[in-house]
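Let's take a walk through a protein model together. Keep the picture open while you read, and find each residue as it comes up.

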Amino acid sequence: IFVACVGEKVKQKRGSIFFLTMLVTISLALIADSVGWIGEGHPELSFLTLVANTVASCLGQIVIINFMEYLCETLYANSKAAIFILRIFRFLCMISILYLIGNIFGGYAYVVDAHGHYVAGENIPMIVLYLSFPILSFLTLMLMALLANHTPVGSRLSFVSYTIFPAVCIVWDEFSHGLSLTYISLAISALSMYTGIFIRRQDEYDRQ
């Protein structure tokens with residue numbers, strides 16, 4: 001998708017830059033998550049596994065901000081209210097990333113034990129704090145998409161559909177520690193988003 005977007009020179013548009021940035025960040029998150037899986041169960045790679053999981057989680061937070069920036073640019077261009085909301089979530093994203101980095105030393109959200117296995121924390125308030133940023137972000141994205149002015153209903157519903165799957169997967173991953181679905185769901189949402197963009201462009205070309 002990234003190569004296709006660059007080939008079409010969509011990077012000349014501001015919204016497309018956010019979309020391309022989101023693709024790169026998702027790819028890096030998938031790589032970091034893969035490194036975490038490779039180190040799983042290898043005691044000698046415990047610290048690498050912990051760092052890889054932390055990097056993937058931090059990149060996941062950044063993807064959400066990229067998603068919101070793309071939404072604001074696409075549906076809320078030049079909206080002061082949208083810019084204000086985006087600034088608030090950038091600040092929350094920074095706090096969330098600092099929280100995740102601090103977990104490397106504090107181990108309040110998750111740890112990698114002496115056997116090299118990922119172990120989720122049992123501190124419920126900390127888990128709620130860990131989930132609060134992505135869930136609040138996705139709920140805000142859905143609300144902003146639904147209430148967008150001068151935007152076709154189909155486009156608004158499409159944006160909502162892009163957010164539902166990742167939001168559900170983030171909660172699922174926190175309480176079901178098997179195959180990680182969060183970053184895969186973000187990649188699928190990006191694929192769906194690109195498909196929607198491609199279809200709209202084809203309709204524009206056909207009308208011309």
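What follows goes from the whole chain down to a few single residues.

**The whole chain**

First, a reminder that you are looking at a predicted model. How confident is the predictor, going by the average pLDDT of the protein chain? The average is 80, and 82% of the residues score at least 70. Among the elements, helix α3 (residues 46–75) has the highest mean pLDDT, 87, while helix α1 (residues 2–7) has the lowest, 71.

Now for the layout. The chain has 7 helices and 2 strands. Reading from the N terminus, you meet them in the order α-α-α-α-β-β-α-α-α. Of the 208 residues in the protein chain, 45% are buried. Take the contacts between residues at least 6 apart in sequence: 68% of them join residues at least 24 apart. As for the outside, the accessible surface comes to about 11,300 Å², and carbon and sulfur atoms account for 69% of that.

**Two helices side by side**

Have a look at α3 and helix α4 (residues 80–106). Their axes are 10 Å apart, and the two helices pack at an angle of about 180°. Angles over 145 degrees count as roughly antiparallel, so that is what α3 is to α4. Plenty of side chains to look for here: on the α3 side, the residues that meet α4 include Phe 47, Leu 50, Ile 62 and Cys 72, and among those in α4 are Leu 86, Phe 89, Ser 96 and Ile 104.

Ser 96 deserves a second glance. This residue of helix α4 is in contact with Gln 61 and Phe 133, leaving aside its neighbours within four places in sequence. Gln 61 is one of the α3 residues that meet α4.

**A pair of rings**

The structure holds 3 aromatic pairs. One of them is formed by Phe 19 and Tyr 70; the pair is tilted, with 5.6 Å from centre to centre and 45° between the planes. The two rings come from distant parts of the chain, as Phe 19 is in helix α2 (residues 14–39) and Tyr 70 is in helix α3, 51 residues apart. Are these two buried or exposed? Phe 19 is buried, with a relative accessible area of 3%, and Tyr 70 is buried as well, at 7%.

**Two stops on helix α7**

Helix α7 (residues 182–207) is where you'll find Ala 187. Which residues does Ala 187 contact, once neighbours within four places in sequence are left aside? They are Ile 26 and Leu 30. Ser 27 is worth finding too: Ala 187 and Ser 27 are 160 residues apart in sequence, yet their C-alpha atoms are 7.9 Å apart in space.

Thr 182 lies in helix α7 too. Not counting residues up to four places away in sequence, Thr 182 touches Cys 169, Ile 170 and Asp 173. Its C-alpha atom is 8.7 Å from that of Phe 165, 17 residues away along the chain.

**Who is covered?**

Here are the residues from this tour with their relative accessibility. Buried means under 20%, so Thr 182, at 12%, counts as buried, whereas Ala 187, at 27%, counts as partly exposed.

| Residue | Relative accessibility | Class |
|---|---|---|
| Phe 19 | 3% | buried |
| Tyr 70 | 7% | buried |
| Ser 96 | 9% | buried |
| Thr 182 | 12% | buried |
| Ala 187 | 27% | partly exposed |

Note on methods. Residues numbered from 1 in each chain as written. Heavy atoms only, no water. Helix = DSSP H or I, 4+ residues; strand = E, 2+ residues; numbered from the N terminus. Buried < 20%, exposed > 50% of the residue type's maximum accessible area, 1.4 Å probe, protein only. Contact = heavy atoms within 4.5 Å. pLDDT = per-residue confidence, 0-100. Phe/Tyr/Trp six-rings, centres within 6.5 Å; stacked < 30°, edge-to-face > 60°. Areas by Shrake-Rupley, 256 points an atom, 1.4 Å probe, with all protein chains shown as cover. Axes fitted to C-alpha atoms, helices over the stretch in contact; angles between N-to-C directions. Parallel < 35°, antiparallel > 145°, perpendicular 65-115°, else oblique.
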